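Hi everyone, thanks for coming. Please have the viewer open, and stop me whenever a term is unclear.

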Amino acid sequence: MAAAVGRVALRWPLAVGRARCLTASCRRMSSEPREELKVRNLDGEDSGIVVVGINRPKAKNSISRNLVHLMFDAMEDIKKNNKVRSVILCSLVPGIFCAGADLKERAKMAPSEVGPFVSRARALITELGNLTVPTIAAIDGAALGGGLEMALACDIRIASSSAKMGLVETKLAIIPGAGGTQRLPRAIGVSLAKELIFTGRVVDGKEAFRLGLVNHSVEQNERGDAAYLHALQLAREINPQGPIAVRMAKLAINQGIEVDLSTGLAIEEACYAQVIPTKDRLEGLAAFKEKRRPHFKGE
């Protein structure tokens, strides 16, 4: 296995050495298929940051039935853990984020099985997009088809300059089926999204940044985890902020962007009302008055 995987394929990205598994996920990772997704709950000053690492080196992290199952389980664990402050979605395989659907597995499916599988994958990516905490995609390699759709479901995307991204489904005579036709136009605008989808064009990290597809493009390092390291730095900036406030801000933005301004302002008001009675708000005021760092507990 080690020889086939490569030098760093089974290693966690830099700075995750002291990480601990989410308990339920660790229990599920007893056999090799369970190792296709690894979840780490960071500790110490990074407590609250969850790293979800895709680990299918032989299949270029393609989306299989098993991976979908494991990711659903991971999403459930994250939703039940009120100590989670942010989630980083990354790859444990050098040079690949996610190559999209597992076409070898897909070729073995009966026509009647394809639709339900695509629906299940679409539901998973919707679940990822609906997480209440900030999500960051660290794209250190190719993110194609469903792989890019997963990244698009995240709140923030960081890419290495050498990463490759594209919704390439039209090259297979199909269309993006897990949210790509909806999320890409919302990210970069309708006309540019049509151009990329119609042509199946693949862009690198620098071009993705120019288009607004990713928030940041960073030069890749020798280890191949530059995007992950930048994502971790960003998660560390989010970590000290009031967790309820961050969740309400995400909710207000996500719901408000889909409606007219008047309705959006009403959504913001409703979300603001949720933070007024919190202990964290009082702690923030006290810390400001006492000129110290606040200690938010998510209460």
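I'll start with the whole chain, then visit two helices, two residues and a few salt bridges.

One thing to keep in mind is that this is a predicted model. Every value I quote today is computed from that model.

So, the overview. The chain has 299 residues, and buried residues make up 48% of them. Its secondary structure comes to 13 helices and 11 strands. About 15,200 Å² of the chain is exposed, and 56% of that is supplied by carbon and sulfur atoms. How much of the contact list joins residues that are at least 24 apart in sequence? If we take contacts between residues at least 6 apart, 67% of them join residues at least 24 apart.

Now please find helix α10, residues 226-238. At 1.5 Å a residue, its 13 residues should span 18 Å, and the end C-alpha atoms are 19 Å apart, so the two values agree. Which residues of α10 are buried? They are A226, A227, Y228, A231, L232, L234, A235 and I238. And what do they pack against? The partners are the strands β3, β4, β6, β8 and β11, together with helix α11.

Let's follow one of those strands. S86 sits in β4, which covers residues 86-91. Its relative accessibility is 0%, so S86 counts as buried. Leaving out residues up to four places away in sequence, S86 touches G48, I49, V50, V133, P134 and A235. You have met A235 already, as one of the buried residues of α10.

Just past α10 there is a loop that leads to α11, and N239 is in that loop. Is N239 buried or exposed? With 8% relative accessibility, N239 counts as buried. A polar atom of the N239 side chain lies 3.4 Å from the backbone oxygen of E45. With residues up to four places away in sequence again left out, N239 touches E45, D46, S47, G48, I49 and R85. G48 and I49 may sound familiar, since S86 touches them too.

Next, move along to α13, residues 279-290. This helix has 12 residues and reaches 16 Å from its first C-alpha to its last, close to the 16 Å expected. Its buried residues are D280, E283 and A287. Seen down the helix axis, these fall within an arc of 55 degrees, so they line one face of α13. Here is the general idea behind that: an α-helix has 3.6 residues a turn, so residues three or four places apart point the same way. The buried residues of α13 pack against α11, residues 243-256. On the other side of α13, F288 and K289 are exposed. After the helix comes K291, whose phi is positive, near 55 degrees.

That brings us to charged pairs. As a general point, side chains of opposite charge can pair when their charged atoms come close. How many salt bridges does a search of the whole structure find? The search finds 15.

We can start with one that involves α13. E283, from the buried face we just looked at, forms a salt bridge with R292, and the closest N and O atoms are 2.7 Å apart. E283 is buried, because its relative accessible area is 18% and the cut-off for buried is under 20%. R292, at 32%, counts as partly exposed. Elsewhere, salt bridges that share partners join E36, R56 and D102 into one network.

Now look at D155 and K250, whose side chains meet in a salt bridge at 2.8 Å, N to O. This pair links distant parts of the chain: D155 is in the loop between α6 and β8, K250 is in helix α11, and they are 95 residues apart. D155 is partly exposed, with a relative accessible area of 28%, whereas K250 is buried at 9%.

My last pair is R201 and E195, where the closest N and O atoms of the salt bridge are 2.7 Å apart. R201 is partly exposed at 38%, and E195 is partly exposed at 37%.

If you take one thread away, let it be α11. The buried residues of α10 pack against it, those of α13 do too, and K250 lies in it. Thanks, and I'm happy to take questions!

Methods: Residues numbered from 1 in each chain as written. Predicted model: local features only at pLDDT ≥ 70, side-chain atom pairs only at ≥ 80, totals over all residues. Heavy atoms only, no water. Helix = DSSP H or I, 4+ residues; strand = E, 2+ residues; numbered from the N terminus. Expected span 1.5 Å × (residues − 1). Buried < 20%, exposed > 50% of the residue type's maximum accessible area, 1.4 Å probe, protein only. Arc of directions from axis to C-beta. Contact = heavy atoms within 4.5 Å. Polar contact = N/O pair within 3.5 Å; in protein donor to acceptor, adjacent residues only side chain to side chain. Salt bridge = Lys/Arg side-chain N within 4 Å of Asp/Glu carboxyl O. Areas by Shrake-Rupley, 256 points an atom, 1.4 Å probe, with all protein chains shown as cover.
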